[in-house]
Amino acid sequence: MGSVVAQSQARDLLKALADPLRLQIIESLSSGEKCVCDLIQEIGLAQSKISFHLKVLKESGLITDRQSGRWVYYKLDIGALNELQLWLKQLTQDCQQSSASCENNA
């Protein structure tokens, strides 16, 4: 199945998505770019907690940021989501292949 790089990247992305709060942030960002203040209002968590989770998501490559004045805006990285989707598609195709029978090897 896929390259070691693809597997490693998929593992990092899935690890980042495994936390319910990070999934909530991802779902919020799915409607477009937002600053931390928007996320605080939507999700109802403290700024420090949201910032921690944003850092994890950014390090995994799931989101990007840009600074505008004193505000930092976050958005989903579509490329990372596409890579994860391709990895899952390959995984699905691989698991549908028939295996060699043990009886044929005897």
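The questions and answers below concern the fold, the sheet, one buried residue and the cavity of a predicted model.

Q: In what order do the helices and strands of the protein chain run from the N terminus on?
A: The protein chain contains 5 helices and 3 strands. Read from the N terminus on, these elements run in the order α-α-β-α-α-β-β-α.

Q: What percentage of the contacts in the protein chain with a separation of 6 or more is made by residues 24 or more positions apart?
A: The protein chain has 106 residues, and buried residues make up 25% of them. Among contacts with a separation of 6 or more, the share that comes from residues 24 or more positions apart is 56%.

Q: Which strands stand at the edges of the sheet?
A: The 3 strands form an open sheet with antiparallel pairing, and their order is S1-S3-S2. Each edge strand has a single partner strand, so one side of it is left without a neighbour in the sheet. The edge strands are S1 (34-35) and S2 (63-68).

Q: How many bridges join S1 to S3?
A: S1 and S3 run antiparallel. One residue that takes part in this arrangement is Cys-35, which stands opposite Tyr-73 in S3. The number of bridges that join S1 to S3 is 2.

Q: Over how many bridges do S2 and S3 pair?
A: Several residues can be matched across these strands: Ile-63 has Leu-76 in S3 as its bridge partner, and Asp-65 has Tyr-74. Arg-66, in turn, stands opposite Tyr-73 in S3. S2 and S3 (residues 71-76) pair in the antiparallel sense, and the number of bridges is 6.

Q: Which residue in the turn of the hairpin formed by S2 and S3 has a positive phi?
A: S2 and S3 form a hairpin with 2 residues between them. In this turn, a positive phi of about 65° belongs to Gly-69.

Q: Is Ser-60 buried or exposed?
A: Ser-60 is part of helix H4, which covers residues 47-60. A residue counts as buried under 20% relative accessible area. Ser-60 has a relative accessibility of 15%, and therefore it counts as buried.

Q: Which residues does Ser-60 touch, not counting residues up to four places away in sequence?
A: One atom that the side chain of Ser-60 reaches is the backbone nitrogen of Leu-62, at 3.4 Å. Leu-62 is not part of the answer, since residues up to four places away in sequence are not counted. The residues that Ser-60 touches are Asp-12, Leu-13 and Ala-16.

Q: What is the volume of the largest cavity?
A: Rolling a probe the size of a water molecule over the atoms shows where empty space is left. The structure holds 1 cavity of 30 Å³ or more. The volume of the largest cavity is about 30 Å³.

Q: From which helix does the largest share of the lining of the largest cavity come?
A: The lining consists of Ala-6, Gln-9, Ala-10, Leu-13, Glu-83, Leu-84 and Trp-87. These residues divide into 5 nonpolar, 1 polar and 1 charged. Helix H1 (4-17) and helix H5 (78-95) each supply at least two residues of the lining. The largest share, 4 residues, comes from H1.

Terms used:
Residues are numbered from 1 along each chain as its sequence is written. This is a predicted model: local features need pLDDT of at least 70, side-chain atom pairs count only at pLDDT 80 or more; totals for chains, interfaces and linings use all residues. Side-chain values use heavy atoms; hydrogens and water are left out. On a 1 Å grid over the protein atoms alone, a cavity is a set of points where a 1.4 Å probe fits but cannot get out, and a pocket is an open set with protein on both sides within 12 Å along at least five of seven lines; lining residues have an atom within 4 Å of a point. Grid points are joined across faces, edges and corners, and a volume is the space filled by probe spheres set on the points. Ala, Val, Leu, Ile, Met, Phe, Trp, Tyr, Cys and Pro count as nonpolar, Asp, Glu, Lys and Arg as charged, and the others, Gly among them, as polar. Two strands pair if DSSP finds at least two bridges between them. Buried means under 20% relative accessible area, exposed over 50%, partly exposed in between (1.4 Å probe, protein chains only). A polar contact is a pair of N or O atoms within 3.5 Å; within protein, one must be able to donate a hydrogen and the other to accept it, and residues adjacent in sequence count only if both atoms are side-chain atoms. Contact means heavy atoms within 4.5 Å.
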